[in-house]
Amino acid sequence: MPYDYSLVEEMHPRLKAARKLVESGGVRREGEQAWVRGSQVEHRVRSGRCTCPWFAAHQGERGPCKHVLAVQLLEEGEDEPTGA
Ligand SMILES: [Zn+2]
């Protein structure tokens with residue numbers, strides 16, 4: 001059953017940005033970690049933590065950054081059958 005993200009996206013612009021990252025191929029899995037394309041460098045995401053300045057500033061207090069979200073979206077997509 002497809003999940004409707006539209007309402008969530010209204011509340012979380014970060015989630016919208018994360019979906020764009022996934023759709024544009026900006027996420028690269030590498031074992032337990034992932035590299036997510038940033039504006040200038042790639043950020044490393046591992047265990048729900050990210051190396052970007054935003055995450056460093058907030059330390060998860062404001063929820064995951066768009067890079068962490070993008071990796072989560074990619075992993076969720078892998079769990080579902082394609083073309084359903
Ligand atoms: Zn980040």
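These legends describe close-up views of one predicted model.

In this predicted model, local features need pLDDT of at least 70 and side-chain atom pairs count only at pLDDT 80 or more, while totals for chains, interfaces and linings use all residues. Residues are numbered from 1 along each chain as its sequence is written, and side-chain values use heavy atoms, with hydrogens and water left out.

**View 1. The zinc ion and its protein donors.** Four atoms hold this view together on the page: Cys50 (SG), Cys52 (SG), Cys65 (SG) and His67 (ND1). They lie 2.0 to 2.4 Å from the zinc ion. Donors are N, O and S atoms within 2.8 Å of the metal (3.2 Å for Na, K and Ca); water is not among the atoms, so sites may look incomplete. Which arrangement do the 4 donor atoms make? It is tetrahedral, because they subtend angles of 106 to 116 degrees around the zinc ion. Four donors count as tetrahedral if all angles lie between 85 and 135 degrees. For four tetrahedral donors, the ideal angle is 109.5 degrees.

**View 2. The zinc donors along the chain.** Their spacing is C-x1-C-x12-C-x1-H. Within this set, Cys50 and Cys65 link distant parts of the chain, 15 residues apart. Cys50 sits in strand E4 (residues 49–50), and Cys65 in the loop between H3 and H4. Helices (H or I, at least four residues) and strands (E, at least two) are DSSP runs, numbered from the N terminus. Cys50 has a relative accessible area of 10%, so it is buried. Cys52 counts as buried because its relative accessibility is 1%. Buried means under 20% relative accessible area, exposed over 50%, partly exposed in between (1.4 Å probe, protein chains only). The structure holds 0 disulfides (pairs of cysteine sulfur atoms within 2.5 Å).

**View 3. Pro64 in its loop.** Pro64 lies between helix H3 (53–58) and helix H4 (66–79). Is Pro64 buried, partly exposed or exposed? Pro64 counts as partly exposed because its relative accessibility is 31%. Leaving out residues up to four places away in sequence, Pro64 touches Arg14, Trp54 and Leu69. Contact means heavy atoms within 4.5 Å. Leu15 is 49 residues from Pro64 along the chain, yet their C-alpha atoms are separated by 9.4 Å.

**View 4. The largest nonpolar core.** This core has 16 residues. A nonpolar core is a set of buried Ala, Val, Leu, Ile, Met, Phe, Trp, Tyr and Cys residues joined through side-chain atoms within 4.5 Å. Among the residues with the most contacts inside it are Val27, Cys50 and Cys65. H4 gives the largest share, 5 residues.

Methods. Four donors count as tetrahedral if all angles lie between 85 and 135 degrees; four count as square planar and six as octahedral if opposite donors are over 155 degrees apart and all others between 65 and 115; anything else is irregular.
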